[in-house]
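Please read the model below from its overall composition down to single residues. The terms are defined where they are used.

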Amino acid sequence: MNVAVDIRDLSFRYRGGTRHALSGVSLSLSEGSFTTVTGPSGGGKSTLCLAMAGFIPHSIAGEMTGEVLIGGLDTRSHSPVQLLGTIGMVRQDPEAQLCTLTVMDEVAFGLENLKVPAREIEGRVMEALKTCRAEHLAQRDVYSLSGGEKQRVAIASILVLRPKVIVLDEPTANLDPSGTRAVLDTLSALKKTGTAIMVVEHRLRHLARLSDRLIRVENGNVFEEQGRPLVQAARRIAGRIVRTKDETGSQGPPLLSIRDLCAGYGQRQVLQDVSLEIRPGEIVALMGDNGSGKSTLLSTIMGLIEPTGGSIALGGAEAVRTPVRERAGFVGLSFQNPNHQVSESTVSREIMLTAEGLGKSPSGRLQEITERFGLAGLEDRSPFSLSMGQKKRLNMTSLLVYDRKLLLLDEPFTGQDPDMVSAIAEELAAHVRQGGATLMVCHDPELVQAMCSRVIFLQDGCVAVDADTDRAFEALREMGRHEFTPFAAHSESEFDEDGRLGSKSSRRTADNAAGVRPGISPRVLGFQPGHSFLHSLNPLCKAFLLVLITVLAFSASGISRQAVLSASLVLGAALSGAGFDRFRRRLRVLTVFSATVLLAQMFFFKQGTPIPLFSLGRVSVVVWSQGLVRGIGLALRFLNVIFTSFLFVVTTDPNHLAYSLMQAGLPYRYGFMLVVALRFIPIFGYEMVQVRNAQLSKGIDVGSAGLKSLPRYVKYTVMPLVISALEKVDNLTISMEGRAFGLYRDRTYRVSFAITWRDWVATLFITGIISGLWAIV
């Protein structure tokens, strides 16, 4: 086979770094090969990926020696943009690399930047989606996708550029088994196309039937596992997991007792009649698909979500009405995203922050735990500079050293190598031996089998399985949920021809998982989808009519002309297809305000003829004719201006507006600032809630945006959001640059938003009607 990647004596040291992230690495990949890369956290795996994709040395500062040849092209003299069509890279978090609002736009993004003719784009996009087994997602919005679906779309957005090599950096790290299965389906299909694939992963069991070779990266050096199939390597690593299940067991009255619990977000019910108990000495695994209610259950136990029904008892005491800060001394919660819980300037201050919230000092084991978790010597480092795995361990440290009885852990092993997994497992076992208990979301069946005495499996917000570990896995196998069961338990017959577990019907479960995060509104600016006349009108034409009516509303001096505009807007509401009831509910506050303006003018603008209304004894209540006319005019003006804007927002897809502006001449770099903002603003809204909740779970009063508590509010709420935003910007920049964004001064577009003759006729007709009525009155 021809060589697709040839790395010769590569060394790299980041700017300001004291040691080499890569040291003398030599490696080659053949066309059509499938290589798995593993190794401890911080060993150099991600650096190797960035160097292969050309971001080192062009986008990431540092000192590089040696050479990397991709398809014969030297990365030192070819930027990531110049390597397009040769290599593509998919990052760990798909949320931070998808930059548009729809699946079709996302996959077409790179082709449009390369100025591929519009007539070719549609076919190539569908071809890439089909290869990734995601063609059924073509008409979906990005916000509605599950984690596995987003990762498949991210892969398709690279595959559409037809690279000879694809590099994936921990593509399943944040996915549940169903999402992981969906991505593996994609990789299985991709392998058949002859593309060279390199996947960085800690969890080798998933790749055992796909990969041809295993590479280990440790301390910047590369070692190849010779003569050991990946299946054996996966089982060998599984065997290294410290078995703590035999040291744990139920004892004493329950620390947590839940009966018929119901909870959700707004009108969306997530948990339905959940009942369970957790007793001292237990480590219980909480498993299930995305959207099944696992994180919601943990947040409800912590008090961050108010239940709509049922009861929660902590240590035998009813806790439904107990504030979060009071629960924090008994219950500790580790969030799925560790960035939400980090806010101090140094690692040591971060650990001590919980002492402030709980009003007690950490235990004497603080130094021992920090050493076991690889945090010793990092006490003066900024916690924001730590890797994802290190931040996870920092948060775990803050839980373990304050002797909380019940630990709630959301994916505590994400980003951890086998040594750190063992260290965390041993500390959790020590915690339960002291009378504590742990309820943890975990999607690694080998870990669950080794650590947990029980498994609770949620399905559609209900408890589908609650049994000891062995019986729970047997029940899951009977349900066809093989991906949630241990690797070693599977026979050869349970793998299909592509090396995947389970039946096709069970694999479809991954596509049914809910993808919308709680608190993320899919309609950022209030747009309501529809097929009405106004929905179909070009956004720029609607913007012209918005400006026209607004100018007329401010310039009109009489009631009759304001009434003409109001009648026109009522007609517009009818043409919007939204229904008057929706407008009535949305504009209720504005109507009250307009009525207040009218009454104020009627009673206090004392000009014109007095008009008696009624008498109260000797007091006669009157209004003034000029005040009445003035009040009606001002009220109608206010309603006309606001109602026009509201009508525009409800019927105009902001994504279409951005693309219309770009195709009308707005430089696309500015246009995509709007698109990216629409993509990430609601995500940051969700993250702000999560950051506040994370601090409350540590017993910290985050304050408010008021002047007195502003510094505290900024420190504990705003700063983590700023750091998260900067990380997303870095990832998004790499993603967009890797798909030729900014390569040319202009670009092509898959869909034309040019103003058509129909738009011109409709706009002129509406303008003519308004102008004609305006002239008559």
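The paragraphs below go from the whole chain to its sheets and helices, and then to individual positions.

This is a predicted model, in which local features require pLDDT of at least 70 and side-chain atom pairs count only at pLDDT 80 or more, while totals for chains, interfaces and linings use all residues. Residues are numbered from 1 along each chain as its sequence is written, and side-chain values use heavy atoms, with hydrogens and water left out.

The secondary structure of the chain comes to 27 helices and 22 strands; these are DSSP runs numbered from the N terminus, with helices being H or I of at least four residues and strands E of at least two. Of the 777 residues, 55% count as buried, where buried means under 20% relative accessible area, exposed over 50%, and partly exposed in between (1.4 Å probe, protein chains only). Contact means heavy atoms within 4.5 Å. Among contacts between residues at least 6 apart in sequence, 72% join residues at least 24 apart.

Strands of a sheet pair through backbone hydrogen bonds, either parallel or antiparallel. Here two strands pair if DSSP finds at least two bridges between them. One open sheet has six strands in the order β6-β7-β8-β3-β9-β10, and its pairing is mixed. The edges are taken by β6 (87–90) and β10 (221–224), each of which has a single partner strand, so one side of each is left without a neighbour in the sheet. On average, neighbouring strands of this sheet are turned by 20° against each other, direction ignored. Angles run from 0 to 180 degrees between N-to-C directions, and axes are lines fitted to C-alpha atoms, for helices over the stretch in contact. At the β6 edge, four bridges join β6 to β7 (residues 165–169), and the two run parallel. I87 stands opposite V165 of β7.

Which strands does helix α1 touch where it packs on the sheet? Helix α1 (residues 45–52) touches β3 (34–38), β6, β7, β8 (196–200) and β9 (213–218), and its direction makes about 150° with that of β8. Helix α6 (residues 177–191) lies across β3, β7 and β8, running at about 155° to β8.

Two packed helices are described by the angle between their axes and the distance between the axes. For helix α3 (residues 103–113) and helix α4 (residues 118–131), the axes come within 10 Å and cross at roughly 115°. The crossing of α3 and α4 is right-handed. A crossing is right-handed if the near helix is turned clockwise from the far one by less than a right angle, and left-handed if anticlockwise. On the α3 side the contact is made by V103, M104, V107, A108, L111 and E112, and on the α4 side by I121, E122, R124, V125, M126, A128 and L129. By class, this contact has 10 nonpolar, no polar and three charged residues. Ala, Val, Leu, Ile, Met, Phe, Trp, Tyr, Cys and Pro count as nonpolar, Asp, Glu, Lys and Arg as charged, and the others, Gly among them, as polar.

Further along the chain, strand β17 (residues 406–410) is mostly covered, with five of its five residues buried. L406, L408 and D410 point one way from β17, while L407 and L409 point the other way. Strand β16 (residues 331–334) pairs with β17 in the parallel sense over four bridges, and S334 has L409 as its bridge partner. Five bridges join β17 to β18 (residues 437–441), also in parallel, and L406 stands opposite A437 in β18. From β17 the chain crosses through helix α13 (residues 418–433) to β18, a β-α-β crossover that is right-handed. A crossover is right-handed if, with the strands pointing away from the viewer, the path from the first strand over the helix to the second runs clockwise.

Some single positions remain. T75 is in the loop between β5 (73–74) and β6, and T75 is buried, with a relative accessible area of 0%. Not counting residues up to four places away in sequence, the contacts of T75 include I56, P57 and H58. The peptide bond from I56 to P57 is cis, with omega near 20°, and P57 lies in helix α2 (residues 55–58).

Two residues other than glycine have a positive phi near 50°: E170 and D273. Is each of them buried or exposed? E170, in the loop between β7 and α6, is buried at 10% relative accessible area. D273, in strand β12 (residues 268–278), counts as exposed at 51% relative accessibility.
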